[in-house]
Amino acid sequence: MTEIEVLSWARGPGLQIATVIFVAGVVIRIFEILLLGRKANLAEAKGSEMSSGLKTMITRTIPDATTFKRSSVTIVVGYVFHIGMFVTFLFFAPHILFIRDLIGFGWPALPTTVIDAFAVLSIVALLAALVNRLTNKVMRFLTNFEDILTWFLTMLPLLTGYIAFHRVGFTAPSLLAIHLLSVELLLVIFPFTKLMHTFTLFLARWYNGAISGYRGVAS
Amino acid sequence: MTKDLSLKNGAPEEETLEIGTPEKGTLGEALRSQGVSRRSFMKFCATTASMMALPPSMIPSIARALEKARRPSVIWLSFQECTGCTESLTRAHTSTIESLIFDSISLDYHHTLQAAAGHGAEAAREAAMEENYGNYLLVVDGSIPLANAGYSTIAGISNLDMLNEAAKGAAAIIAVGTCATYGGIPHANPNPTGAVSVNEIIKDKPIINVPGCPPIPVVITGVLAHYLTFGSIPELDHIGRPKAFYGQSIHDRCYRRPFYDKGQFAETFDDEGAKKGWCLFKLGCKGPTTYNACATTKWNNGTSFPIESGHPCIGCSEPDFWDGGGFYKALSMPTADLSQTAVYAAAGAAAAGVAIGLMNRSKKNTSNKIHVTTTIEDLKK
């Protein structure tokens with residue numbers, strides 16, 4: 001297999017297989033969660049579930065003071081990583097083209113120098129997150145294989161993308177193929193790991209808010 | 001034209017360089033008889049040296065070696081091809097030294113260019129192979145069909161047999177064009193003739209790949225000049241291409257690169273971006289994954305190259321460029337219809353999700369039903 005053949009596979013069948021596993025996995029898991037249902041609450045409702053639930057989905061984005069004090073490194077590093085990752089993913093011209101091909105519309109891209117800076121930022125933040133995880137005694141105790149695996153497979157697309165953009169080591173078709181394959185790997189493990197938080201995060205926040213809303217207390 | 005150049009400056013360059021009248025039958029003599037001045041010859045040597053990233057101190061050695069080089073016998077075999085490569089190499093716009101070097105080789109067999117036909121032509125090939133056994137250069141353009149020998153024959157000899165026979169006595173092989181180097185168009189999916197490249201058949205000879213559809217003329221003369229100067233083949237990359245010419249990607253040397261970095265793209269062939277000469281990435285440019293000298297050497301005597309004319313690079317010097325998912329599909333776009341795949345996957349998964357959810361529920365209900373409440377009385381027993 002030549003490098004161009006690998007690239008063609010990664011752009012075609014490879015991406016298709018990864019998409020099927022990703023979409024099917026995520027949808028099945030979400031349906032499963034939703035259909036679990038909740039026990040009927042026999043207490044009288046003292047407020048609205050819906051408004052409190054929706055509000056909490058947004059308000060929980062900002063950590064409260066006590067939480068921030070307790071785990072400031074985790075929170076700061078988490079924010080820097082996520083912002084860097086989203087900017088890199090959503091505003092790099094070739095990525096926008098990919099998305100446009102998928103959903104039919106796109107948006108203006110940011111200059112590559114800006115993207116470059118954000119990519120570096122997210123890579124550094126992700127490294128810091130690992131260091132924090134391994135140096136903090138409690139976190140290290142809680143760390144299992146899945147945490148390391150998801151960290152590694154999240155790092156790969158960022159790193160391979162950065163290297164592909166700067167063309168270090170291999171020729172461009174190989175670098176692009178490696179980047180695509182790393183993304184496909186991430187898509188494949190996505191539904192079966194804690195990466196599912198991308199979707200369940202909002203379900204969980206809504207649920208927390210809704211419970212408080214029903215009881216008529218602040219969320 | 002070339003003679004005028006030497007007279008303009010008037011300097012007796014031949015004396016200053018201490019190279020006398022070229023010997024008979026050498027490349028130097030052939031060039032001189034064509035009216036190539038010393039100055040333009042040295043200029044060519046300097047260009048060749050710089051293209052191959054050689055130090056300037058090598059220029060006199062290149063000149064000396066080229067002057068004294070015997071005209072090498074070249075046998076040119078054309079298999080499953082379109083003659084575009086020959087067109088590219090022979091139809092130089094004006095008479096350049098590159099083309100004269102090409103003209104100066106002893107092209108003993110080329111069934112498109114030679115005057116002889118039929119048995120006479122084949123006899124010329126056999127004679128050249130015999131006389132120069134072990135020393136001739138073999139140039140091949142076109143792919144070789146393996147599915148059925150009858151798909152492509154010359155004088156009743158299959159391409160495979162002719163290549164094997166001619167390769168035996170060759171000093172080196174130059175595969176010209178993407179068909180000979182990587183299979184090219186005949187090799188494109190579904191490859192009905194079972195077409196393969198030269199290096200898939202010949203394993204025991206040095207092969208220089210000069211891909212492109214067609215390749216740039218100066219690249220082949222550069223390779224010839226290198227061979228004549230050093231008697232060896234130039235440094236090659238991992239897919240057999242001379243690094244001097246295929247060392248950098250089109251994207252990295254493209255004059256439109258700043259627009260890519262700024263995020264300014266032509267969206268269609270006639271929009272404002274296209275008129276302003278913005279980056280053609282969104283229109284399918286394969287420049288980022290293509291290694292060739294177009295952006296620096298350019299075409300038609302340095303006039304321009306495709307991107308300069310407003311068309312994206314199609315990646316013709318890379319293997320399987322016909323199967324790359326379409327010339328106008330951006331490199332970062334998936335080649336398969338992903339949205340359709342996603343919709344089908346989601347629909348199927350939704351059904352499966354509901355089924356699994358309902359199964360979970362019935363399991364919960366069943367356990368609720370068979371659940372027996374334990375009372376204080378039970379515990380007292």
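Two strands pair if DSSP finds at least two bridges between them, and strands themselves are DSSP E runs of at least two residues, just as helices are H or I runs of at least four, both numbered from the N terminus. This is a predicted model, where local features need pLDDT of at least 70, side-chain atom pairs count only at pLDDT 80 or more, and totals for chains, interfaces and linings use all residues. Residues are numbered from 1 along each chain as its sequence is written, with chains lettered from A and ligands numbered from 1 in the order in which they are written.

**View 1. The parallel sheet of chain B.**
Five strands of chain B make an open sheet in the order 2-1-3-7-9, with parallel pairing. Strand 2 (106-110) and strand 9 (207-210) of chain B sit at the edges, each pairing on one side only. From one strand to the next, the twist averages 20° (axes are lines fitted to C-alpha atoms, for helices over the stretch in contact, and angles run from 0 to 180 degrees between N-to-C directions). Look at strand 1 (residues 73-78) and strand 3 (residues 136-141) of chain B: five bridges join them in the parallel sense, and B:I75 stands opposite B:L138. On to strand 7 of chain B, which runs parallel to strand 3 of chain B and is joined to it by six bridges; here B:Y136 faces B:A170.

**View 2. Strand 3 of chain B, residue by residue.**
Six of the six residues in strand 3 of chain B are buried (20 or more other C-beta atoms within 10 Å of a residue's own; 12 or fewer would make it exposed, anything in between partly exposed, with C-beta atoms placed from the backbone). In a regular strand the side chains alternate between the two faces of the sheet. Here B:Y136, B:L138 and B:V140 point one way, while B:L137, B:V139 and B:D141 point the other.

**View 3. Helices on the sheet of chain B.**
Helix 8 (residues 118-131) of chain B lies across strand 1, strand 2 and strand 3 of chain B, running at about 135° to strand 2 of chain B. Helix 9 (residues 159-168) of chain B also packs on the sheet, touching strand 1, strand 3 and strand 7 (170-176) of chain B. The direction of helix 9 of chain B makes about 165° with that of strand 1 of chain B. Contact here is a C-beta affair: two residues qualify if those atoms, placed from the backbone, lie within 7 Å.

**View 4. The nonpolar cores.**
A nonpolar core is a set of buried Ala, Val, Leu, Ile, Met, Phe, Trp, Tyr and Cys residues joined through C-beta atoms within 7 Å. The largest has 101 residues, and those with the most contacts inside it are B:I75, B:L138, B:V140, B:I173, B:I174 and B:A175. Helix 12 (residues 217-230) of chain B gives the most to this core, with eight residues. Zoom in on B:V140 and, sequence neighbours up to four places away aside, you'll find contacts with B:L77, B:F79, B:L163, B:I173, B:A175, B:V176, B:A180 and B:V198. A second, separate core has 18 residues, including A:A18, A:L175, A:L181 and B:L338.

**View 5. Helix 11 of chain A.**
Helix 11 (residues 197-215) of chain A has 19 residues and should span 27 Å at 1.5 Å a residue; its end C-alpha atoms are 26 Å apart, which agrees (the expected span is 1.5 Å times one less than the number of residues). Its buried residues are A:R205, A:W206, A:G209, A:A210 and A:G213. Seen down the axis, they fall within an arc of 135°, so they line one face of the helix; that arc is taken over directions from the helix axis to the C-beta atoms. These buried residues pack against helix 3 (49-59) of chain A. Just after helix 11 of chain A comes A:G216, with a positive phi near 80°.

**View 6. Where chain B meets chain A.**
Contacts link 40 residues of chain B with 36 residues of chain A. On the chain B side, helix 15 (257-262) and helix 18 (338-370) each supply at least two residues. Helix 18 of chain B gives the most to that side, with 17 residues.

**View 7. Around B:S88.**
B:S88 lies in helix 6 (residues 84-90) of chain B and counts as buried, with 21 C-beta neighbours inside 10 Å. Beyond its neighbours within four places in sequence, B:S88 is in contact with B:P214, B:P215 and B:P217. B:S88 and B:P214 are 126 residues apart in sequence, yet 6.4 Å apart in space, C-alpha to C-alpha.
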